[in-house]
Amino acid sequence: MEQILTAVIPVLIIGIICAAVLVIASKLMAVKEDERFPAIRECLPGANCGACGFAGCDGYAKALCEKPGTKTNLCVPGADGVAKQLGEILGVECEDVVEQVAVVHCAGDCNKTQDKADYIGIETCAGAKLMFGGKGSCTYGCLGFGDCASVCPQDAICIENRIAHVDTRKCIGCGLCTKKCPNHIISLVPDVERVVVTCSNKDKGAVTRKVCSNGCIGCKKCEKVCPLGAIKVENNVAVIDYEKCTDCPDFGVCAKNCTTGCIILSDLSGVHRMK
Amino acid sequence: MTKLIIILLSAVFINNYVLSRFLGICPFLGVSKKLGSAAGMSLAVIFVMLMATAVTWPIQMYLLNPNNLGYLQTIVFILVIAALVQLVEIILKRYVPSLHKSLGVYLPLITTNCAVLGVTILNIDEGYTFVEAMINSLGSGLGFFLAMVMFSGVRSTIEGSDIPKSFQGLPITLIAAAITSLSFLGFGGVIENLFA
């Protein structure tokens, strides 16, 4: 008993001294935190999704406190409500948040494309991709194991006919799925837009055509009909520049003229394809 | 005086903490990607090593040894080092905010750095006097600095070169670390002969 005490007591005393010194030091040399910080942090959704470009909600709140120029409209999940509250706390004009939704740039479901092989292994997209680029004949498209669905904090992604679909009513635009997808075929687009290219195949037209009836063959028809010059065919696949694709005078002309139907009108009701 | 120089040089080159004793490998691999952060981390380590030795050596000699409590060495040292690092962080945050910001997360990370604990314990094991212990800590810190800065250079070279896919990332880093550590083997026996 005495042996234990002779060991415990000195350690205890050293511990207490250390603790006391630390407490006194932290009280004496406390750095004043911005009193707005807790209020700002309270406003933010706390999803820590990182869509604002800072390291979580704490990081964004800190940046708002310390750097006066930081925009209040960066929180995409919080949308206008949060931007307004932040503006009130910080006493600055609030700007409208551009809500974003995720879209899957692939529509090659099991009716449009074929398997080249069976995949028996770990049931993740990342795992399947390691094996000759996935089991589908198109190595650019959706792998269909739902890695995106597994990271989605809102359960907004479901796999239908082996293709990921985003429920735009549930999607908060955090962008976690865009980072998770091993083929990088999910991107965020402004919520007001309705035209989406549903193909990511970078092969030449003839090769694309062989593996998927939905694939973009790079015919550049959309490029020609777009009145705003917002569509460009890069690496044999059409890409829409959403900065330019606004207030289109002839809305939907690209989708109507698309040879293979890979440009579609996407709408908010969550029906991903409504050609 | 000669003994102090021998201690210093052997701590930097021969018994280099990272490359010969294999202590503090975690920051060696984790923070050596950029030269700036590697140097910042190493400076923080030098600072904490010196502080830790200045506190733990008297504790061992005047508190633990007279009371036959030498077996408490590890736990007491960890306790003291952790408290010390926290104290240093509070002080830096208050008085030198710029340094605090540039050290960033590395300062609290050092709390559990085995190189720091290793230095304090080896100082006791080697039977150094207080001055010798301080010199040894300085040398160990400088050795850490040298290894970190050197290795960050190695890594930036690796980044620019064409590496087979299966070796990319950590595997090639570990191989490079092994070769760098091998190169320090060449210093063995140099110091003794230098002052013989």
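Colleague: Is His184(A) buried or exposed?
Modeller: In this predicted model, His184(A) sits in the loop between helix 7 (176-180) and strand 4 (186-190) of chain A, and its phi is positive, at about 55°, although the residue is not a glycine. Most residues other than glycine have a negative phi. Because the relative accessibility of His184(A) is 59% and the cut-off for that class is over 50%, His184(A) counts as exposed.

Colleague: Which class of accessibility does Arg162(A) fall into?
Modeller: Arg162(A) belongs to the loop between strand 2 (157-160) and strand 3 (163-166) of chain A, and the phi of Arg162(A) is likewise positive, near 65°, in a residue other than glycine. Its relative accessibility is 34%, which lies between the limits of 20% and 50%, so Arg162(A) counts as partly exposed.

Colleague: What is the relative accessible area of Ile40(A)?
Modeller: Ile40(A) is placed in helix 2 (residues 36-43) of chain A. Not counting residues up to four places away in sequence, Ile40(A) touches Ala61(A), Leu64(A), Cys65(A), Leu86(A), Ile89(A) and Leu90(A). The residue is buried, with a relative accessible area of 0%.

Colleague: Is Gln60(B) in helix 3 of chain B buried or exposed?
Modeller: With residues up to four places away in sequence set aside, Gln60(B) is in contact with Asn65(B), Pro66(B), Gly70(B), Gln73(B), Phe77(B) and Ile124(B). Because its relative accessibility is 3% and the cut-off is under 20%, Gln60(B) counts as buried.

Colleague: How many helices and how many strands are there in chain B?
Modeller: Read from the N terminus on, the elements of chain B run α-α-α-α-α-α-α-α-α-α. Among contacts in chain B with a separation of 6 or more, 78% come from residues 24 or more positions apart, and buried residues make up 44% of the 196 residues in this chain. The count for chain B is 10 helices and 0 strands.

Colleague: Which helix of chain A supplies at least two residues of the largest nonpolar core?
Modeller: This core has 58 residues, of which Phe28(B), Met41(B), Val76(B), Leu107(B), Ile110(B), Val116(B) and Met148(B) touch the most other members. Several helices of chain B supply at least two residues each, including helix 3 (35-64), helix 7 (114-125) and helix 8 (130-159). From chain A, the helix that does so is helix 1 (2-28).

Colleague: Which residues does Ile110(B) contact, leaving aside its neighbours within four places in sequence?
Modeller: Ile110(B) is one of the core members that touch the most others. In soluble globular proteins, nonpolar side chains tend to be buried together. The contacts of Ile110(B), with those sequence neighbours left out, are Met41(B), Ala44(B), Val45(B), Val48(B) and Val116(B).

Colleague: What is the area buried between chain B and chain A?
Modeller: The two chains meet through 16 residues of chain B and 16 residues of chain A, and carbon and sulfur atoms give 87% of the buried area. Leu79(B), Ile90(B) and Arg94(B) supply 32% of the area that chain B buries against chain A, more than any other three residues. The total is about 1300 Å².

Colleague: Which helix of chain B gives the most to the side that touches chain A?
Modeller: Between chain B and chain A the count is 0 salt bridges, and it is also 0 for residue pairs in polar contact, both at pLDDT 80 or more. By class, this side of chain B has 13 nonpolar, 1 polar and 2 charged residues. With 12 residues, the element that gives the most is helix 4 (residues 73-95).

Key
Residues numbered from 1 in each chain as written. Chains lettered and ligands numbered in written order. Predicted model: local features only at pLDDT ≥ 70, side-chain atom pairs only at ≥ 80, totals over all residues. Heavy atoms only, no water. Contact = heavy atoms within 4.5 Å. Buried area = accessible area lost by both parts, 1.4 Å probe. Salt bridge = Lys/Arg side-chain N within 4 Å of Asp/Glu carboxyl O. Polar contact = N/O pair within 3.5 Å; in protein donor to acceptor, adjacent residues only side chain to side chain. Helix = DSSP H or I, 4+ residues; strand = E, 2+ residues; numbered from the N terminus. Nonpolar A, V, L, I, M, F, W, Y, C, P; charged D, E, K, R; others polar. Core = buried A, V, L, I, M, F, W, Y, C linked by side-chain atoms within 4.5 Å. Buried < 20%, exposed > 50% of the residue type's maximum accessible area, 1.4 Å probe, protein only.
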